[in-house]
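Have the model open and the sequence beside it, and we'll take a walk through the chain. We'll begin with a single residue and work outward from there.

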Amino acid sequence: GTLTGTVTANADVTGANVRGRVTDATSGQPVADAHVEIRARGNEGFLAGRGAQTDGAGNFAMESVAAGSYTATVEKSGYGSDTKDLTVSSSDADLQFKISPTSGVTLRVIDARDQRLLMANVHIVDAMGRDIDPPFFRPGSPEPLKLSLSPGTYRITVGAMGYASRTISVTAPAEQIVALTPGGTLVIRSK
């Protein structure tokens with residue numbers, strides 16, 4: 001019957017189980033409901049993403065992960081994220097993540113001339129040169145940007161429409177004011 005066919009097909013899938021645990025770096029307690037995601041490194045990265053949630057004991061598992069190189073990231077609201085490079089072969093992989101409760105980085109992006117808050121966008125690179133794209137609330141009106149980042153040093157490029165972008169180095173946790181001046185194609189004539 002069809003059932004047997006399905007079972008046999010699944011048995012042929014090569015891949016390993018990726019499992020692990022997420023704990024609080026400060027208390028050592030397990031972190032429940034954290035989101036763990038692995039992405040294949042390379043061009044087809046966005047196709048090959050897999051995600052899992054941790055259970056009450058901080059454990060997660062993903063089955064039949066194809067062999068290859070991945071970047072694994074764990075995120076949970078109110079915590080910094082943790083990113084690890086992962087190589088999956090035929091044997092099971094075990095990942096131990098530690099994340100810290102964090103206020104992360106708060107950026108107040110302002111106009112250098114009159115100090116009003118701007119609607120800004122950010123691009124973040126960690127100390128290892130990896131792109132970080134933390135989930136953050138994009139408000140409909142200008143307000144400080146709260147970024148969930150683990151303690152560490154980051155390069156953050158801050159931009160806003162009609163302004164010249166700036167790249168700053170920030171060590172999290174931190175609160176920082178970034179003043180932008182109008183730029184781009186605008187010609188500023190001094191009076």
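In which strand does His35 lie? His35 sits in strand 2. Keep in mind while you look around that this is a predicted model. His35 counts as partly exposed, because its relative accessibility is 31% and the partly exposed class runs between 20% and 50%. Setting aside neighbours within four places in sequence, His35 is in contact with Gly51, Ala52 and Gln53, and also with Thr73, Val74 and Glu75. You can also use His35 as a ruler: Ser81 is 46 residues away from His35 in sequence, and the two C-alpha atoms are 9.7 Å apart in space.

Now zoom out for a moment. The protein has 14 strands and 1 helix. It has 191 residues, and 37% of them count as buried. If you take the contacts with a separation of 6 or more, 53% of them join residues 24 or more positions apart.

Strand 1 shows what such long-range pairing looks like up close. Arg19 lies in this strand, and so does Gly20. Start with Arg19: its C-alpha atom is 5.1 Å from that of Asp94, although the two are 75 residues apart along the chain. Beyond four places in sequence, Arg19 is in contact with Phe60 and Ala61, as well as with Asp92, Ala93, Asp94 and Leu95. Gly20 has a partner of its own in Gln96, 76 residues along the chain, with 5.5 Å between the C-alpha atoms. The contacts of Gly20, again leaving out neighbours within four places, are Gly58, Asn59, Phe60, Asp94 and Leu95.

Are Arg19 and Gly20 buried or exposed? Gly20 is buried, because its relative accessible area is 8% and the limit for buried is under 20%. Arg19 comes out as partly exposed, since its relative accessibility is 38%.

From here, step into the interior. In soluble globular proteins, nonpolar side chains tend to be buried together. Here, the largest nonpolar core has 22 residues, and those with the most contacts inside it are Val18, Val22, Phe60, Met62, Leu86 and Phe97. At least two residues each come from strand 1 (16–24), strand 2 (35–40), strand 4 (59–65), strand 5 (68–75), strand 6 (82–88) and strand 7 (93–99). Which strand gives the most to this core? That would be strand 7, with 4 residues.

Phe97 is a good place to pause. Not counting residues up to four places away in sequence, Phe97 touches Arg21, Val22 and Thr23, then Val36 and Phe60, then Ala72, Thr73 and Val74, and finally Asp82 and Lys84. Apart from this core lies another, of 21 residues, including Val105, Ile156, Val158 and Val170.

What about empty space? Have a look at the second largest pocket, which holds about 190 Å³. Its lining is made of 14 residues, and Ser81, Asp126, Ser150, Pro151 and Tyr154 lie nearest the centre. Strand 6 and strand 12 (152–160) are the elements that give two or more residues to this lining. The largest share, 3 residues, comes from strand 12. Sorted by class, the lining of this pocket has 6 nonpolar, 5 polar and 3 charged residues.

Two loops are worth a glance for their backbone angles. Most residues other than glycine have a negative phi. Asp33 goes the other way: it is not a glycine, yet its phi is positive, at about 60°. You'll find Asp33 in the loop between strand 1 and strand 2, and it is exposed, with a relative accessible area of 53%. Gln115 also has a positive phi without being a glycine, at about 65°. Gln115 is in the loop between strand 8 (105–111) and strand 9 (120–126). With a relative accessible area of 49%, Gln115 counts as partly exposed, because exposed needs over 50%.

Finally, how far should you trust what you see? The average pLDDT of the protein is 82, and 81% of the residues score at least 70. Residues 1–12 are another matter: the pLDDT there is below 50, and the stretch has 0 contacts in the model beyond near neighbours in sequence. Where pLDDT is low, the predicted coordinates should not be read in detail.

Conventions. Residues are numbered from 1 along each chain as its sequence is written. This is a predicted model: local features need pLDDT of at least 70, side-chain atom pairs count only at pLDDT 80 or more; totals for chains, interfaces and linings use all residues. Side-chain values use heavy atoms; hydrogens and water are left out. On a 1 Å grid over the protein atoms alone, a cavity is a set of points where a 1.4 Å probe fits but cannot get out, and a pocket is an open set with protein on both sides within 12 Å along at least five of seven lines; lining residues have an atom within 4 Å of a point. Grid points are joined across faces, edges and corners, and a volume is the space filled by probe spheres set on the points. Ala, Val, Leu, Ile, Met, Phe, Trp, Tyr, Cys and Pro count as nonpolar, Asp, Glu, Lys and Arg as charged, and the others, Gly among them, as polar. A nonpolar core is a set of buried Ala, Val, Leu, Ile, Met, Phe, Trp, Tyr and Cys residues joined through side-chain atoms within 4.5 Å. Buried means under 20% relative accessible area, exposed over 50%, partly exposed in between (1.4 Å probe, protein chains only). Contact means heavy atoms within 4.5 Å. pLDDT is the predictor's confidence in each residue, from 0 to 100.
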